[in-house]
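Please find below some notes on the model, set out as numbered points. They cover burial, core packing, cysteines and one backbone angle.

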Amino acid sequence: MMERKQRLETLRDELVERIERYRDHKEQRAGPLDKDMEEQAIELQNDEVVDALEREAEDELRQVMHALGRIDGGEGELCEVCEEPIAGERLEALPFATLCRDCAEPR
């Protein structure tokens with residue numbers, strides 16, 4: 001469990017850093033768009049990609065923080081739905097998992 005918590009804490013720190021880089025990038029880009037229409041289109045497309053990556057990182061960070069909270073509460077190895085143990089292989093592959101495989105699969 002401690003190894004998983006350390007992995008989650010490392011992942012949390014990496015995600016926070018990544019989100020800060022995305023935000024820094026957007027602040028730098030806040031100036032006027034390039035005068036060339038093709039360049040403007042590329043800039044706008046790049047900004048959309050950065051926004052999508054930022055949202056993805058924020059979502060993953062929320063999941064990591066939730067998993068860390070469950071670990072701190074002594075529930076980190078149990079499924080949130082059925083309260084059965086989450087398989088070690090699943091936690092190894094997806095350290096922020098809070099559902100067992102059966103409960104995570106759409107019905």
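1. E54 has a relative accessible area of 6%, so this glutamate counts as buried, the limit being under 20%. This is a predicted model, and the comments here should be read as comments on a prediction. E54 sits in helix 2, which covers residues 37–72. Leaving out neighbours within four places in sequence, E54 contacts I19, Y22, R23 and K26.

2. Another helix 2 residue to look at alongside E54 is A57. With residues up to four places away in sequence not counted, A57 touches L15, R18, I19 and Y22. I19 and Y22 thus appear in the contact list of E54 and also in that of A57.

3. A57 also belongs to the largest nonpolar core, which has 13 residues. The members that touch the most other members are L8, L11, L15, A57, V64 and F96. Two elements, helix 1 (2–28) and helix 2, each give two or more residues to this core. Which of the elements gives the most to it? Helix 2 does, with seven residues.

4. A separate core of six residues lies apart from the largest one. Its members include L91, A97, C100 and C103. C103 has a relative accessible area of 18% and is therefore buried, as the limit is under 20%.

5. How many disulfides does a search of the whole structure find? The count is zero. For C82, the nearest cysteine sulfur is that of C79, 3.7 Å away, and C82 is in no disulfide. C103 is likewise in no disulfide, and its nearest cysteine sulfur, that of C100, is 3.6 Å away. Neither pair is counted because a disulfide requires the two sulfur atoms to be within 2.5 Å. As to accessibility, C82 is partly exposed at 33%, whereas C103 is buried at 18%.

6. The backbone at E83 deserves a check. Its phi is near 65 degrees, a positive value in a residue that is not glycine. For context, most residues other than glycine have a negative phi. E83 lies in the loop between helix 2 and helix 3 (88–93). Is E83 buried or exposed? Its relative accessibility is 60%, so E83 counts as exposed, the limit being over 50%. The two glutamates discussed in this note therefore fall into opposite classes: E54 is buried at 6%, and E83 is exposed at 60%.

Key: Residues numbered from 1 in each chain as written. Predicted model: local features only at pLDDT ≥ 70, side-chain atom pairs only at ≥ 80, totals over all residues. Heavy atoms only, no water. Helix = DSSP H or I, 4+ residues; strand = E, 2+ residues; numbered from the N terminus. Buried < 20%, exposed > 50% of the residue type's maximum accessible area, 1.4 Å probe, protein only. Contact = heavy atoms within 4.5 Å. Core = buried A, V, L, I, M, F, W, Y, C linked by side-chain atoms within 4.5 Å.
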